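Biologist: Hey, can you walk me through this one? I'd like to start with the empty space inside.

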Amino acid sequence: MTGTPRTSRSGPRFPFRPRFLARLLPLAVLAPLATACGGSAGAQDSDTVTVTVGYQSKTINTVTAGTLLRSLGYFEEELAARGKKDGKTYKVTWQDYATGAPITAQMTAGKIDIGSMGDFPLLINAARGRQLGQPTRLVSVTGYNLRGGLNTVVTAPGSDLRSLSGLRGRKVSTSIGSAADGTLVRALKQAGLDPDEDIRKLNQQPSVGASALAAGSVDALSQFVAWPGQLAFEGKAKALYDGADLNLPTFHGVTVREKFAGEHAGVLDAFLTAQRRATDYVREKPVAAAESVAEETGLPAEAVYLYNGAHGIATFDPALRPELVAALKRDVPLLTSAKLVGAVDVDAFVDPEPLRRATRGSRPYPKAPADPAAAKSELWLEGHDSTRTFDSPKALLKAAEGADVRAAYVPDALTGTLWFADRAVWVADGADLRAFVTPGHAETYVGRHAGARVVSHADAVELAS
């Protein structure tokens, strides 16, 4: 689906000075009708194959199977090359959704052939597919974070909340059955709260939840990439909980209807080959990729880069890594207890063979480091098509002094989760400066280091100079 309103690049400067009037929320995401063209062989003649791809344009760690892949045209190129060999005509229909649930609904109706979604929705996809006679297979990953940093709980900028324990009796918006909902449930349990009894959970689309947070009708919003980063960048939210505190991998992946994959294995090969090419592109040209995704979605490029950049929160790699499959298995009991799925045979759902076949001979990508100490700070200057990397947040602040900064990113000292420098919570520890995503992280660090103190971003800038 096309037609998403496009906006010019805008966002906070460094230090933060508003550069634009905030876009009204919710962001419109128009769902395609159930009558959309499907890709089953019975719906097309013998010389024409139509494949329908469901994706989430604003869930930006799926871009290698959606937004970026579509804009680059790699899938169409691969199909055109295949058509020259087998004499068939291949057509691609792209359908854009806000979450994974409607993609699953369309797949189980035989209307979508290939879809991308988060780990929790993937399990629901597997369960519904089996239940409704349209079994699916997980064939690749798009983006992942080994600690869980792709999901975040945010509050309004002026909120007095400082930890999840403060949510008792409060209203929290999330999308039930999403990866962000899974993070919320696990995090609340760790904080000693009952997710069903101790908070008032509202099941809302991300854009609706963002509007509710802005209106003050909810106290917190738990969502997946890119909503938390986008809202923080625009000055509409601040982080309360970093999903990386769970230290559990989270990811998005590609699922295909088993029947379609059996009838059109070559089309699936073409898709996975194209996805690998798009993955190469986002890893080799992260700034250009962020600009492209921003142009297609209307999201700020700076927020896209927070997740998809060279040292972003998401790591792009289609490989079905053992850690990710193991995490998927750990998710099943949570979804079962919430009565969202019954038993799910993860081993039967995960099918690595198509990716092996499509990318045979390709070099594997290095795994993302899980150690927070390995995370880097990045500085993106106005007018530049590349970023500068620094080993410490202090070095970044010093380099940014007097520069025309487009965006500055610093990793959380406890989890490694990247965040905007002017939205981070700063701590001065002797001559060192540490940055944190949440107040809770900063307080934890201060409690462990005598003499350390929380300082403002402006004070951190001055101390770094």
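Modeller: Sure, but one term up front: a cavity here is a set of grid points where a 1.4 Å probe fits but cannot get out. And keep in mind that this is a predicted model.

Biologist: Fine. How many cavities of 30 Å³ or more does the structure hold?

Modeller: Four of them reach that cut-off. The largest cavity has about 130 Å³ of space.

Biologist: Which residues lie nearest the centre of the largest cavity?

Modeller: R186, L248, P249, T250 and D331, out of 17 that line the largest cavity. As for elements, α4 (119-131), α5 (179-190) and α12 (322-337) each give two or more residues to that lining.

Biologist: And which element gives the most?

Modeller: That's α5, with four residues.

Biologist: What's the lining of the largest cavity like by class?

Modeller: Mixed: six nonpolar, six polar and five charged residues.

Biologist: OK, pockets now. What volume does the largest pocket have?

Modeller: About 610 Å³. The lining of the largest pocket has 30 residues, and H311, G312, T315, A368 and P369 are the ones nearest its centre.

Biologist: How does that lining split by class?

Modeller: You get 16 nonpolar, nine polar and five charged residues around the largest pocket. Helix α9 and strand β11 (315-316) each supply at least two residues of the lining.

Biologist: Does α9 turn up anywhere else? I mean, what share of the largest nonpolar core comes from it?

Modeller: The largest share, nine residues, with α9 spanning 265-284. That core has 59 residues in total, and I60, F75 and F271 have the most contacts inside it.

Biologist: Which residues is F75 in contact with, beyond its neighbours within four places in sequence?

Modeller: V51, V53, L69, V92, W94, V267, A270, F271 and A274. Apart from the largest core there's another one of 31 residues, including F120, I124, V185 and V325.

Biologist: Switching to strands: in what order do they sit in the six-stranded sheet?

Modeller: The order is β2-β1-β3-β10-β4-β11, in an open sheet with mixed pairing. At the edges you find β2 (89-96) and β11, each pairing on one side only.

Biologist: Do β1 and β2 run parallel or antiparallel?

Modeller: Parallel, with eight bridges joining β1 (residues 48-55) to β2. To pick out one residue, Y55 has D96 of β2 as its bridge partner.

Biologist: Great, that's what I was after.

Terms used: Residues are numbered from 1 along each chain as its sequence is written. This is a predicted model: local features need pLDDT of at least 70, side-chain atom pairs count only at pLDDT 80 or more; totals for chains, interfaces and linings use all residues. Side-chain values use heavy atoms; hydrogens and water are left out. A nonpolar core is a set of buried Ala, Val, Leu, Ile, Met, Phe, Trp, Tyr and Cys residues joined through side-chain atoms within 4.5 Å. Buried means under 20% relative accessible area, exposed over 50%, partly exposed in between (1.4 Å probe, protein chains only). Contact means heavy atoms within 4.5 Å. On a 1 Å grid over the protein atoms alone, a cavity is a set of points where a 1.4 Å probe fits but cannot get out, and a pocket is an open set with protein on both sides within 12 Å along at least five of seven lines; lining residues have an atom within 4 Å of a point. Grid points are joined across faces, edges and corners, and a volume is the space filled by probe spheres set on the points. Ala, Val, Leu, Ile, Met, Phe, Trp, Tyr, Cys and Pro count as nonpolar, Asp, Glu, Lys and Arg as charged, and the others, Gly among them, as polar. Two strands pair if DSSP finds at least two bridges between them.
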